Amino acid sequence: IMPLDMPESVLVKFSGTMQPGITLRDLVNAIPYFAIQEGELTTGKKKKNIFSGRILEIEGLPDLKVEQAFEFSDASAERSANGCTIKLNKDPIIEFMHSNITLLQHMIEAGYKDTRTLERRINEMKNWLEDPVLLEPDDDAQYAYTLNINLDNITEPLIACPNDPDNIKTLSEVANNKIDEVFIGSCMTNIGHYRAAAKVIEGLGSTESILWIAPPTRMDESQLKKEGVYKIFESAGARTEIPGCSLCMGNQARVKDKAHVFSTSTRNFDNRMGKDAQVYLGSAELAAFCSILGYIPTKDEYLSLMSDKINQNAGEIYQYLNFNLMDDYRTKKVIEINPAS
């Protein structure tokens, strides 16, 4: 139990420049990795955890898309935090609001209920867009702990190892370990991850490991099929699942007993994905490469692949679903919302 006068937030401040080949999932894993190095987090049954019961406030990545920010907020549950905030600039939030207004209008036209609730949400977003003011931390805000992470120091992927999402090691420490099955899915992923995974796999033949693909939403699935991404997965022998949680929940599908697994999911607790499974957690890009090789690549193998297939095309690969720019979601008629509603 925290003393009443103890600050309720932990501040994580990123600085420096994101290095080539490093993904946002690596930055998610950097939080427990560097907290362990500073002695504020431990693994095992009797854990010390500076994040437990507190709000995780993240700064230093102001230009993330809102979809990208979700990777950090989703993972805050694995830190046992009570909540998570991410300090963004207005532009990505304004972009996200415009997209969601179009999506909600599309839902009304499609007959989703309750129309009045959806209209109120549209109206509230429109009102905010007229005067977009964000919550800001006080200049004299006090924190229980401040974790400073220099992006210049993250030069290879960081991976959660079996079977604890806080058990973070560098790629070099686990390279060449065998991988029997790979899962790319869960709420930690978005459409860009599947394009990136397909780019990694494309032209490299069939996978050595069993590869499961489960986008989080049907909207992602539909767009990926239109772009031909699913054809790449299918040609490599991947198993495509109905959009949703799939292996992440462990009650819809299971890996084989005692399988060695690389997953993009949120957590890797004992027996969650399969009986006695040994589960690593990391990025979709690294997961896809593991599926091709049947083992975890070395740092040099991974960075070379990212340089060849991902880095130069990142702007195209990581485009997000801006519904206001997509013909399938633009409404046929403009829905006017009464400001008083």
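Strands are DSSP runs of at least two E residues, numbered from the N terminus. In this predicted model, strand β2 covers residues 55-59, and glutamate 59 is found in it. That residue makes a good place to look more closely, once the chain as a whole has been introduced.

The secondary structure of the protein chain amounts to 11 helices and 11 strands. With a radius of gyration of 21 Å, close to the 20 Å that the globule rule gives for 341 residues, the chain is as compact as a globular protein of that length. Along the principal axes, its C-alpha atoms fill a box of roughly 60 × 55 × 40 Å. Of the 341 residues, 51% are buried. Among contacts with a separation of 6 or more, 75% are between residues 24 or more positions apart.

Turning to the surface, the accessible area of the protein chain is about 16600 Å², and carbon and sulfur atoms contribute 47% of it. The chain carries 36 positive and 49 negative side chains, with the centres of these two sets 7 Å apart.

Back in strand β2, glutamate 59 is buried but has no salt bridge. Its nearest side chain of opposite charge belongs to lysine 87, at 4.8 Å; a salt bridge is counted within 4 Å. Leaving aside residues up to four places away in sequence, glutamate 59 touches Leu11, Val12, Lys13 and Phe14, together with Lys87, Pro137 and Tyr143. Lysine 87 thus appears twice in this picture, as a residue that glutamate 59 touches and as the nearest side chain of opposite charge.

Conventions:
Residues are numbered from 1 along each chain as its sequence is written. This is a predicted model: local features need pLDDT of at least 70, side-chain atom pairs count only at pLDDT 80 or more; totals for chains, interfaces and linings use all residues. Side-chain values use heavy atoms; hydrogens and water are left out. Helices (H or I, at least four residues) and strands (E, at least two) are DSSP runs, numbered from the N terminus. The radius of gyration is taken over C-alpha atoms; the globule rule is 2.2 Å times the number of residues to the power 0.38. Buried means under 20% relative accessible area, exposed over 50%, partly exposed in between (1.4 Å probe, protein chains only). Contact means heavy atoms within 4.5 Å. Accessible areas come from the Shrake-Rupley method with a 1.4 Å probe; for residues, only the protein chains shown count as cover. Lys and Arg count as positive and Asp and Glu as negative; His and the chain ends are not counted. The place of a charge is taken as NZ of Lys, CZ of Arg, CG of Asp or CD of Glu.
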